[in-house]
Amino acid sequence: MSRPVVLVVVVLLSSGCATRASYHRLRTDVATLRGEVTELRQAEESGAREAARAADEVRALQARLAELSAAQTTATTEVATLRTRLEAAEAEVREARAGATAAPAPAAPPVASTPTPERPRAKAARPASVEQTYQAALATFRAREYGQAVLDFLDFAAKHPGHPLAANAQYWIGEAYYVQRDYRQAMSEFQKVIDMAPRSPKVPDALLKMGLCYRGLRDESRARQTWDRVAKDYPKSEAALKARSFLRVKPAAARR
């Protein structure tokens, strides 16, 4: 065999080896790329699942935050209600003390050397008797005997419609229904305070509680309208201070 032929054979053999080596290397690269693509897909699917889980957690946290906001608003309202009731009770105690102080002192027994016929006892003055009746009804209310208290206050208002305490009695009828969460009946009774004695000091208190009745009935718009009326029409009253504090508390729905 001549030398040129040998060179050709060597070249062909070397070219075949190179082609096979490239083919194997290409297959290896393709397999590697497929593995990387699979890993990327798995990582993408895992990331999507994590994102969905995170979104669910965010929604759950938002719902919980809304619940806590609503609970805070309710607690604020209840605290203000309890404060109103406490102050009203303190005002009633002051009224009772003032009435007791103003009651006339019992007359001294006459001094005589000889016994005299016993005189008939004078009837108790009407204001003192009226106040005692009112205080008895109020004591029944504070004993949480709300049904009996309503009857006692109704009887008081019917017998003494022109007395200054008649509006107070009507107010406590509304309060008896309110503490039992009968908001519609309570609102009706508070409205009677306004109708029967529009100039009574109890009118702003009755309006304030009507606003709380609206809130208890989930009518936030009318509740705020009522409190706004208290703040504007009775700006110097204690009820106006409480109404403004209620108005400063935004409804839970508005904070979401």
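Me: Before we look at Trp172, what makes a residue buried rather than exposed?

Reply: Buried means that a residue has under 20% relative accessible area, exposed means over 50%, and partly exposed lies in between. The model we are reading is a predicted one, and Trp172 in it has a relative accessibility of 3%, which is under the cut-off of 20%, so Trp172 counts as buried.

Me: How do you know whether Tyr171 is buried or exposed?

Reply: The relative accessible area of Tyr171 is 2%, and because this value is under 20%, Tyr171 is buried. For the protein as a whole, buried residues make up 27% of the 256 residues.

Me: Why is the pair of Tyr171 and Trp172 called edge-to-face?

Reply: Two rings pair if their centres lie within 6.5 Å, and planes over 60 degrees apart count as edge-to-face. The ring centres of Tyr171 and Trp172 are 5.4 Å apart and their planes stand at 85°, so both conditions are met and the pair is edge-to-face. The structure holds 8 aromatic pairs, and ring pairs link Tyr171 and Trp172 with Phe141, Tyr146 and Phe190 into a cluster.

Me: What makes you say that Lys202 lies over the face of Tyr171?

Reply: For a lysine, the NZ atom has to be within 6 Å of the ring centre, and also within 35 degrees of the ring normal. Lys202 is at 4.4 Å from the ring centre of Tyr171, and it is described as lying over the face of that ring. A second case is Lys209, which lies over the face of Tyr178 at 4.3 Å from the ring centre.

Me: How do you know that Lys202 also takes part in a salt bridge?

Reply: A salt bridge needs a side-chain nitrogen of Lys or Arg within 4 Å of a carboxyl oxygen of Asp or Glu. The side chains of Asp205 and Lys202 meet with a distance of 4.0 Å from N to O, and this is counted as a salt bridge. The two residues are 3 residues apart in helix 6, and therefore they are separated by about one helical turn. Lys202 has 7% relative accessibility, which is under 20%, so this charged residue counts as buried.

Me: What makes Asp228 and Lys232 a salt bridge, and is each of them buried, partly exposed or exposed?

Reply: The closest N and O atoms of Asp228 and Lys232 are 3.1 Å apart, which is within the 4 Å limit, so the pair is a salt bridge. Both residues lie in helix 7, 4 residues apart, or about one turn of the helix. Asp228 has a relative accessible area of 29%, which falls between 20% and 50%, so Asp228 is partly exposed. Lys232, at 61% relative accessibility, is over 50% and therefore counts as exposed.

Me: Why do Asp233 and Arg229 count as a salt bridge?

Reply: Their closest N and O atoms are 3.7 Å apart, and because this is within 4 Å, the two form a salt bridge. Asp233 and Arg229 also lie in helix 7, 4 residues apart, about one turn of the helix. Asp233 has a relative accessible area of 46%, so it is partly exposed, and Arg229, with 39%, is partly exposed as well. Elsewhere, salt bridges that share partners join Arg215, Glu220 and Arg224 into one network, and the structure holds 8 salt bridges.

Me: What makes the phi angle of Arg144 worth pointing out?

Reply: Phi of Arg144 is near 65°, a positive value in a residue other than glycine. Arg144 sits in the loop between helix 2 and helix 3, and its relative accessibility of 66% is over 50%, so Arg144 counts as exposed. Arg181 likewise has a positive phi of about 65° although it is not a glycine. Arg181 is found in the loop between helix 4 and helix 5, and at 56% relative accessibility it counts as exposed.

Me: Which residues have the most contacts inside the largest nonpolar core, and which helices contribute to that core?

Reply: The largest nonpolar core has 39 residues, and those with the most contacts inside it are Tyr134, Phe153 and Phe190. Among the elements that give two or more residues to this core are helix 2, helix 3 and helix 4. The protein's secondary structure comes to 9 helices and 0 strands.

Terms used:
Residues numbered from 1 in each chain as written. Predicted model: local features only at pLDDT ≥ 70, side-chain atom pairs only at ≥ 80, totals over all residues. Heavy atoms only, no water. Core = buried A, V, L, I, M, F, W, Y, C linked by side-chain atoms within 4.5 Å. Buried < 20%, exposed > 50% of the residue type's maximum accessible area, 1.4 Å probe, protein only. Phe/Tyr/Trp six-rings, centres within 6.5 Å; stacked < 30°, edge-to-face > 60°.
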